Number of protein chains: 4
Amino acid sequence: MSEKIKVAVIGASGYTGIELIKILDNHEKAEIKYMTSRTYSGKKAGDVFPLTLSLKNNSERSFIDEIKKENLNSIDAIFLCLPPGKSMEYIAEIKDAFNGKIIDLGADFRIKNEKEYEKWYGNHHILKDYLPKFVYGLSEINREAIKKADYVANPGCYPTSVLLALAPILKTGNFKIDSINIDSKSGVSGAGKKLKEDYLFLNIINNFYAYSAVNHRHIPEMEQEIKNMSGFQINICFTPHLLPVDRGIFSTIYINLKKNSNIVNIENNIFEYFNDLYKAEIFVQFLGENMPELKDVVGTNTAQIGFMFDKRTNTIKIFSAIDNILKGASGQAVQNMNIMFGFKEDEGLRLNSIYN
Amino acid sequence: MSEKIKVAVIGASGYTGIELIKILDNHEKAEIKYMTSRTYSGKKAGDVFPLTLSLKNNSERSFIDEIKKENLNSIDAIFLCLPPGKSMEYIAEIKDAFNGKIIDLGADFRIKNEKEYEKWYGNHHILKDYLPKFVYGLSEINREAIKKADYVANPGCYPTSVLLALAPILKTGNFKIDSINIDSKSGVSGAGKKLKEDYLFLNIINNFYAYSAVNHRHIPEMEQEIKNMSGFQINICFTPHLLPVDRGIFSTIYINLKKNSNIVNIENNIFEYFNDLYKAEIFVQFLGENMPELKDVVGTNTAQIGFMFDKRTNTIKIFSAIDNILKGASGQAVQNMNIMFGFKEDEGLRLNSIYN
Amino acid sequence: MSEKIKVAVIGASGYTGIELIKILDNHEKAEIKYMTSRTYSGKKAGDVFPLTLSLKNNSERSFIDEIKKENLNSIDAIFLCLPPGKSMEYIAEIKDAFNGKIIDLGADFRIKNEKEYEKWYGNHHILKDYLPKFVYGLSEINREAIKKADYVANPGCYPTSVLLALAPILKTGNFKIDSINIDSKSGVSGAGKKLKEDYLFLNIINNFYAYSAVNHRHIPEMEQEIKNMSGFQINICFTPHLLPVDRGIFSTIYINLKKNSNIVNIENNIFEYFNDLYKAEIFVQFLGENMPELKDVVGTNTAQIGFMFDKRTNTIKIFSAIDNILKGASGQAVQNMNIMFGFKEDEGLRLNSIYN
Amino acid sequence: MSEKIKVAVIGASGYTGIELIKILDNHEKAEIKYMTSRTYSGKKAGDVFPLTLSLKNNSERSFIDEIKKENLNSIDAIFLCLPPGKSMEYIAEIKDAFNGKIIDLGADFRIKNEKEYEKWYGNHHILKDYLPKFVYGLSEINREAIKKADYVANPGCYPTSVLLALAPILKTGNFKIDSINIDSKSGVSGAGKKLKEDYLFLNIINNFYAYSAVNHRHIPEMEQEIKNMSGFQINICFTPHLLPVDRGIFSTIYINLKKNSNIVNIENNIFEYFNDLYKAEIFVQFLGENMPELKDVVGTNTAQIGFMFDKRTNTIKIFSAIDNILKGASGQAVQNMNIMFGFKEDEGLRLNSIYN
């Protein structure tokens, strides 16, 4: 029965790394072989997280500093949970010794135009020839390519919440879009595990504010995929805000239609496009004109999407809710692994929301 | 020393009514003479709110069912805290017997076009001739008219947060505006004191969602005042959301400029327009390109406003934070009373935020 | 493969009923055959909870008003989620027609002395002869009796958090106990699904207070089981408080030892007693002198317990954390079903905390 | 009119220092002359806290590193907001040059037995001769001594919440007390402004736990004052917990009476003792058998106290709620200044709770 694939998690001590380990701990077709962490190197998971109830099968496993070259080929897949610039360094280092699959949760291979990458991230790209090899891992949209991929660039959290909501509209080509404005609200875990005064309880509770109010790094990733889905080059207006909740992203997306748009039956058309694209999906739930709520998706790998058409301003409003750490990061990464290896797509991901 | 004016609060048991009483309890120039409440009629404030520390001077005062006609003229000012349709009924009833000043915290006299009022509120307007007599009480913008007014229509909470933020831009006439999109987020007290399943702790904590996602009733009020400030008739796109906090409104306002706008030095211009309008104001704090935070204004009568210009999309983003019950309702109502009676504008309103 | 047992949930629309349905929806050895609810009778689960992601297999199943007598014997087990007094009425009604197993999540069969029951609950007991037939379902403590039981009285949420923490101390008989004082703090879901002003967001957030400060109904249940575990009749001092969190119970338990107690090596002894009792348990985690935290257990069926000995006052302090709806109600109910039917004890209950 | 006294705040950048500045900013009889802070030295208050609305009169005032010796005698009172060990060092340094009054918000002069101080705080006491000169500043209890004092040791936050609740019981001498057990719950601001992983939003929200579960440093202070009020030497059992709220301390206090106590009419007696002691107080509100709530006192200088007698266990339960930064620190410090200088006791302290 030991036919489980062997996986490694590189950078396993941040929020996305830990969440990956929790999911993989319960996965019937994959098992963790290595997990690396500079911070926790040499310590057992069960000692680092002594009270964590979700590491049952890996509590005796130790974090290591790095995987020895000669051991790389005992691994079927590597998950990278590294800061910008570090994934390409790591791949450059191991590429000759490793021939398994890679799922990168970082930003280095999402943006295909290296100039754009360098402009927004400030890093020189050292593995340009790998950019075309990485499939953009928005599972529901790029499933066929992911199936065949060796390398997947897992989407950012905001882009996941936004692109799943835009896809049915963009892919039809039936709307004349004037502008796209995205007002996103994220829980605090989106900021990662930083010990920063901004993230103290006293600075978050009873509070709300905008941050990175222009030029957030997820913009080029969204614009690239909008173009890929629609052929349509557009500058989007994107503004993230910080919510006093631990988890979840709620995006309110305003698609302003051109004045001469034909808007007869527009609601019916939107229903149809969403249902066509998502009715068979297990991890996208289209609610029609019902509103998604953050608490319904937190703890799950599901995106919930609703919409309204504001005819006074010719604007389609789309409302999208995901768990930023699951569908927005580690959950979608495992979903992509499942697709890449031909497992059931929800293997390890049949998670209950505790709130709804 | 008993030169305090005498005021009455009609409908004193909702959130805005109670907040008014708390402010007036501490006011050096005004004192409560009557407070009416169907719910609490006959009971003392100190018995209804036995643990409330903020009703020191009025704890022995009883709520009454209504003010007798013959007593009306002992009152200098009446605050109305009544649901839509009820303010006009009340004024119709007392207008011949009362010749003091009225500050209406409700919606009946904000919208000057009675057709619009009837369309959005579903009530037939029974006091059309009073519509022009009511000054729209956005204190900083209409101060001169408020000084001379007998009747003030106190703005809605969302319109206050939005119009103060738009005013410096609109009043210059120097921007060619293509569209205005407003994404607002409100604390739960904005919904009033309703015992509704939606407002249970379990449905709000860890949650976030949009509501009244098209056609919220505050839209015509904002469009009317935008027109008054700019001469400019525009349909705005407005979407309110519910935050898991008790108090506060944060509005993110997107002013999309026409493509042929001259945007040279736009940031400097915006700084100048805001500073010109607000530098002498005690209750509006312009932060430039710093971001307001909800916790800094909650508990105070102050609006904080910041901005960013997104040149990729030709969009001015304005960020506005207020306490919905204070600057968005009862605080501004007292500010208006202070203006109408020639008191210091911050009398009774020198409130500290407890969070910042 | 349809060897799953068939179960019914009576009173399925409260928090414990819904949680049961969510757990059973994922259970490999049991399936829901009927779920009754006065409130939702005739409606499909998927329509009542359209956004709930955790009812995948039962979304097409309708709530019914009641199970017809002739259908009762197609059911292997009934879960009762009914208010005090209603479980005994229901059993009185069906007892001649049903010969499967019953797990009662209510209070009617927990207290074996019907006089005590009547005194604390104010209900006349109509099924006294069934009292001895019901095993008190504190899974870890009464497992052997539960295995053989046809009827299980599932413990209350506070008693579960307290009795698991007391058991290792009480069962040894090696401590001379002077008094037991329990200060418990519960999340709001403990109050059930009541639409009450007390449970509005605005009355819970930023707040904390005690309630039922003397004579809470869980007292006789705890005293009875303390006696069963120790032979020791004691009046406990118990005070529940309301926390601004949705889920979880944290109990701080003070065991004051008699002045002439031998307290040499007391910490070592406590370690030993806890480890002896719980080291093999999957749902009780003893942390020694580490402190449990609510967020680590919420969403799971696990109890976490730590302790400190305060030698200045001769007091053993025990700290206990559970999820009130899971280990404190529906999770333990399924754990008991698993024990009664010989399933793996954690079947359906391998739940991850989303916070830790 | 410049008859205001001049005060200095030493260590003005922590939570208690900032809160002092906010209160003094609004005080009609006192004004800040100096405020020192290592962290912010050379910066204006208005630049350090640009968005703070509560520093109206001092926003142009700069923090300084220290007060020059020759300037000390232009000051009427000094507030010390310093960590343990630092207040005595500071006083040792200035004592020959300063002859005004001192209010120490730190711990160095609260415990009169220097051996106890050294044992619990681990610091050698270098100003033992000053210990008897410092009056313990529990305003309501020691008012007469405070009036005449030059030096006041302001009580700790937990001791304030506990001692005000115990005083009426202890001072009568009519109860035979067997043990006192105190279970306290504090908001996060009680921990001060530390950048520590424990105080991140993600580790506090939805969470609750005990800390310093034995031997918290406030124990000797409480035991000393219990003895002073009652003549009664007792070891108290004290356990603090961390609440997911920003402000407030709620203490549940269990006074276990000796078995042979005469408990006839005990509730009436307790009513009488509390009313006798507190009915004339503006900052202590006795609620009888009503329960205090944290939200009612947060933002104010008031303590609310309720009680219940549990006759099954012979235990008086007292429930006490304060704002830890106000009545538990800076508010009481200003109250003490008002008493020392003969100002109205609530000068600068007429603060409204924003929640009730």
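Two residues are taken to be in contact when their C-beta atoms, placed from the backbone, lie within 7 Å. With that in hand, the interface between chains D and A can be described: twelve residues of chain D are in contact with twelve residues of chain A. On the chain D side, these residues comprise eight nonpolar, two polar and two charged. The structure is a predicted model, with an ipTM of 0.95 and a pTM of 0.96. For chain A, the pLDDT averages 94, and 97% of the residues score at least 70.

The way chains A and D are arranged is easy to follow on the structure. Chain D superposes on chain A, with an RMSD of 0.0 Å, after a rotation of 180° and a shift of 0.0 Å along the rotation axis. The two copies are therefore related as by a two-fold rotation axis. The interface fits this picture: 100% of the interface residues of chain D are also interface residues in chain A, so the copies meet through the same surface.

Chain A also meets chain B, and here 36 residues of chain B are in contact with 36 residues of chain A. On the chain B side, several strands contribute two or more residues each, namely strand 7 (177–186), strand 8 (209–210), strand 9 (237–242), strand 10 (249–257), strand 12 (303–310) and strand 13 (315–322), and helix 10 (294–297) does so too. By class, this side of chain B holds 19 nonpolar, ten polar and seven charged residues. Chain B, too, can be laid on chain A by a turn of 180° with a shift of 0.0 Å along the axis, giving an RMSD of 0.0 Å. Both copies use the same surface for this contact, as 100% of the contact residues of chain B recur in chain A.

Turning to the inside of a single chain, the domain assignment divides chain A into domain 1 (5–154 + 328–341) and domain 2 (158–324). The centres of the two domains, taken over C-alpha atoms, are separated by 25 Å. Their contact draws 17 residues from domain 1 of chain A and 21 residues from domain 2 of chain A. On the domain 1 side, helix 4 (114–121) and helix 11 (326–341) of chain A are the elements that give two or more residues. Helix 11 of chain A supplies the largest share of that side, with five residues. In terms of class, the domain 1 side has eight nonpolar, five polar and four charged residues.

A helix pair offers a closer look at packing within chain A. Helix 6 (residues 157–172) and helix 9 (residues 266–278) of chain A pack at an angle of about 110°, their axes being 9 Å apart. This angle makes helix 6 of chain A roughly perpendicular to helix 9 of chain A. From helix 6, A:Ala167, A:Pro168, A:Ile169 and A:Thr172 meet A:Tyr273, A:Phe274 and A:Leu277 of helix 9. Six of the residues in this contact are nonpolar and one is polar, with no charged residues.

The corresponding elements can be examined in chain B. There, the axes of helix 6 (residues 157–172) and helix 9 (residues 266–278) come within 9 Å and cross at roughly 110°, so helix 6 of chain B is roughly perpendicular to helix 9 of chain B. The contact involves B:Ala167, B:Pro168, B:Ile169 and B:Thr172 on helix 6, and B:Tyr273, B:Phe274 and B:Leu277 on helix 9. By class, this contact in chain B has six nonpolar residues, one polar residue and no charged residues.

Terms used. Residues are numbered from 1 along each chain as its sequence is written. Chains are lettered from A and ligands numbered from 1 in the order in which they are written. This is a predicted model: local features need pLDDT of at least 70, side-chain atom pairs count only at pLDDT 80 or more; totals for chains, interfaces and linings use all residues. Ala, Val, Leu, Ile, Met, Phe, Trp, Tyr, Cys and Pro count as nonpolar, Asp, Glu, Lys and Arg as charged, and the others, Gly among them, as polar. Helices (H or I, at least four residues) and strands (E, at least two) are DSSP runs, numbered from the N terminus. Domain bounds come from an automatic or database domain assignment. Copies are superposed by least squares on the C-alpha atoms of residues with pLDDT of at least 70 in both. pLDDT is the predictor's confidence in each residue, from 0 to 100. Axes are lines fitted to C-alpha atoms, for helices over the stretch in contact, and angles run from 0 to 180 degrees between N-to-C directions. Angles under 35 degrees count as roughly parallel, over 145 as roughly antiparallel, 65 to 115 as roughly perpendicular and the rest as oblique.
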